[in-house]
2 protein chains.
Amino acid sequence: MTTRQDVADKAGVSPATVSHVVNSTKYVSPELKVKIERAIEELNYIPNKTARNLAMNKTEQVGILVPSLSNPYFGAIAEGMEQVARQNGYIVSLFAPEGSDYQYISTIIERQMDGVFLANTGFQFSENQLKHMERSGVSFVAGLDIGFSGKNNNSFKNSIVSLDYDPSIRNMFKYLTELGHRRIAFLSGMPVAYSDSRKQSYLDYIGKFGLDFEEEFIITGNYPFSTSAKDGYRDMKKFLSTGTDVTAVFAINDLMAIGAMKAIRGAGLKVPEDISIVGCDNIFLSEAADPPLTTIDVPKEELGRKAMELLLRMINNNEINEIPLETELIIRDSTSFAKK
Amino acid sequence: MTTRQDVADKAGVSPATVSHVVNSTKYVSPELKVKIERAIEELNYIPNKTARNLAMNKTEQVGILVPSLSNPYFGAIAEGMEQVARQNGYIVSLFAPEGSDYQYISTIIERQMDGVFLANTGFQFSENQLKHMERSGVSFVAGLDIGFSGKNNNSFKNSIVSLDYDPSIRNMFKYLTELGHRRIAFLSGMPVAYSDSRKQSYLDYIGKFGLDFEEEFIITGNYPFSTSAKDGYRDMKKFLSTGTDVTAVFAINDLMAIGAMKAIRGAGLKVPEDISIVGCDNIFLSEAADPPLTTIDVPKEELGRKAMELLLRMINNNEINEIPLETELIIRDSTSFAKK
DNA sequence: GTGAAAGCGCTAACAA
DNA sequence: TTGTTAGCGCTTTCAC
């Protein structure tokens, strides 16, 4: 490995001067500068960032915590985050732990990461873990939906990117009721007790729009409560077998919605003629689905980008912020008039 | 930040001894060990890995280079890689550069990464760049399909995970011809000149099975030649408008296949009654597609896992390997008898 | 068995 | 304007 010393020797200057031209931290005379630059070139010198990190107590490295990457929703978020990280000289490391493996907290601390984006609201962090990270000087931003932002008790200094589903869900209800729907189910994939702002909004608007409601309309999932297309298929299939009559289903995400559509067809019914389906997230395949899925768009890359920007602001200026991101109802072909 | 010195002070021993109990590198008497462990506990001490890295000239950090993460194909690969990395105390950092941004090569070197997995065969690396990485002591494994493994001129010491599409493509042709197909197109998404083992196999088996062939059967893409559902839709639509008559289409990946199915329906035709479609990759949505897609399964998580294992073997034992991974034809409902 | 001390490659304060 | 030097927190060799 070529070190700064090698360059200094070759150029006949001191290591410090080499540093100064590498980092442009001080004025260096043109002659020396040229000499040094040539030496760098010839030796193919690349500064050792590990050493730099140690000296500066800063790694320009952040982490992203996701439940899964084969889920394109989180993939898109990671992609957005990586983009602004890269533009700012940062790198992002991946954490996709299985189950309740909290190893990554130590990993983040021991590697002196500058920050981490907790992209999954589903993880349960203990007060202690968060405190530990905070004390260790790692900034973190949490991704939350607005229904939960109130829960941030401010005992932590963390920024938040939040997603405001409510207006879009309201629009969805407006749209569906105009089409004559009065019995609308919610495909949650989660346990009954699970709270989620989407579920909350669903419940609210069922009431506000004066629609029919039965307990069964909230379709729950099964342990371990994932929300893939397969889960949507399974849960919807089970729901259909109960004979509960609904004309529309709001799925907690597009994956579940796509699975649900398959289950509906499997039962000899049609989307949207017999049952209308609305998804959520607008993943890149929802448009190519058949029928193209009516869904709520969430700006995923943007979310990743904003998360990284917030992280940067925490790291550099100790600034705490909350950025709410807007969602939007996208009407495609999986929704139509309610069946009589 | 609590350092090893703090622990040593508290426990009344020397820093070196603390190191030895932390890393179990030497025998330490039970009494001291207990004292030290208690001190570690009380101070919430977590070793600084940056310092360790510098001292050991090893970072236990690797990179993965992908074209995009919102593509679940690469997401799944990254997920597999992260999994075995984590199990081995490594972390994986993300590179999803846009266009011909080779910045990441310097990044990898300056951050002393132990290795990198080049998951995309599409990137063009110059001999120089690769040499540079090699000289800097970063191991790398490339993901290739077997048609290209011969191209590895062995001037680099890199391992390879390869994908053997050929037997599956042969099976696909066998299956399609048995269904009466004689005019089969290849939806490539790529320029005419682009070579790819899938294309090669396609051409081979067209010949071996004595099928019809016209230049137009190879459906090319458009700059910048991505292979998303949108591209598949666009390219297939254009192809259909030319009136070239085929009864089946082999798409270079599932995304393209899903887009193509949409285009076919858009033209008032049906899948598989009018045109059969075969995809490739078996991404997690292909089963939920409508109709469920006949495709060639590639073991994506496995690929990521194997890549990391190869990296580990290069890093630890200087071992070079090539692991060929098998693919498998999965027959679902997007293929059927050829239209008369 | 335990500890002192040199060194990993760099930054930054200070001296020259 | 340039160079010297003392760290950053850890590993590891070599005395004790």
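# Exercises on a predicted protein–DNA model

By class, 14 nonpolar, seven polar and four charged residues make up the surface near DNA strand C. The model is predicted, and the exercises below work through its two DNA strands, one helix pair and one loop residue.

## Exercise 1. DNA strand C

Describe the protein surface around DNA strand C: state how many residues surround the strand, and which come closest. Then find which helix gives the most to this surface.

Solution.

Step 1. DNA strand C is surrounded by 25 residues, and the closest are A:Arg4, A:Tyr45, A:Arg52, B:Thr17 and B:Ser29. Of the strand's atoms that come within 4 Å of the protein, sugar and phosphate account for 68%.

Step 2. Sort the surface by element. At least two residues each come from α2 and α4 of chain A and from α2 and α4 of chain B. The most is given by α4(A), with four residues.

Step 3. List individual polar pairs. For A:Arg4, a backbone N or O atom lies 2.6 Å from a phosphate oxygen of DNA strand C. In chain B, a backbone N or O atom of B:Ser14 is 3.1 Å from a phosphate oxygen of this strand. A base is reached by A:Lys26, with a polar side-chain atom 3.0 Å from a base nitrogen of DNA strand C.

## Exercise 2. DNA strand D

Give the corresponding description for DNA strand D: state which residues come nearest, and how the surface divides by class.

Solution.

Step 1. There are 26 residues around DNA strand D, of which A:Thr17, A:Ser29, B:Arg4, B:Ser19 and B:Tyr45 come nearest. By class, this surface has 14 nonpolar, eight polar and four charged residues.

Step 2. Split the strand's atoms within 4 Å of the protein: 65% belong to sugar or phosphate, and the rest belong to bases.

Step 3. Examine phosphate oxygens of DNA strand D. A backbone N or O atom of B:Arg4 lies 2.7 Å from one. For B:Asn23, a polar side-chain atom lies 2.9 Å from a phosphate oxygen. B:Asn48 places a backbone N or O atom 2.9 Å from a phosphate oxygen. Two or more residues of the surface near this strand come from each of α2 and α4 (49–56) of chain A, and α2 (15–23) and α4 (49–56) of chain B.

## Exercise 3. Helices α1 and α2 of chain A

Classify the crossing of α1(A) and α2(A) from the angle of their axes, and name the residues that meet.

Solution.

Step 1. The axes of α1 (residues 4–11) and α2 (residues 15–23) of chain A come within 8 Å and cross at roughly 105°. The two helices are therefore roughly perpendicular, the class that covers 65 to 115 degrees.

Step 2. From α1(A), the residues A:Arg4, A:Gln5, A:Val7 and A:Ala8 meet A:Pro15, A:Ala16, A:Val18 and A:Ser19 of α2(A). By class, the contact has five nonpolar residues, two polar and one charged.

## Exercise 4. B:Ser68

Decide whether B:Ser68 is buried or exposed, and identify the partners of its side chain in polar contacts.

Solution.

Step 1. B:Ser68 sits in the loop that lies between β1 (61–65) and α5 (72–87) of chain B.

Step 2. The relative accessible area of B:Ser68 is 17%. Buried means under 20%, so B:Ser68 is buried.

Step 3. One polar contact, of 3.0 Å, joins the side chain of B:Ser68 to that of A:Glu79. Another, of 3.2 Å, joins the side chains of B:Ser68 and B:Ser70.

Step 4. Leaving out residues up to four places away in sequence, B:Ser68 touches A:Glu79 and B:Phe74.

Methods. Residues numbered from 1 in each chain as written. Chains lettered and ligands numbered in written order. Predicted model: local features only at pLDDT ≥ 70, side-chain atom pairs only at ≥ 80, totals over all residues. Heavy atoms only, no water. Axes fitted to C-alpha atoms, helices over the stretch in contact; angles between N-to-C directions. Parallel < 35°, antiparallel > 145°, perpendicular 65-115°, else oblique. Contact = heavy atoms within 4.5 Å. Nonpolar A, V, L, I, M, F, W, Y, C, P; charged D, E, K, R; others polar. Near = heavy atom within 4 Å. Polar contact = N/O pair within 3.5 Å; in protein donor to acceptor, adjacent residues only side chain to side chain. Buried < 20%, exposed > 50% of the residue type's maximum accessible area, 1.4 Å probe, protein only.
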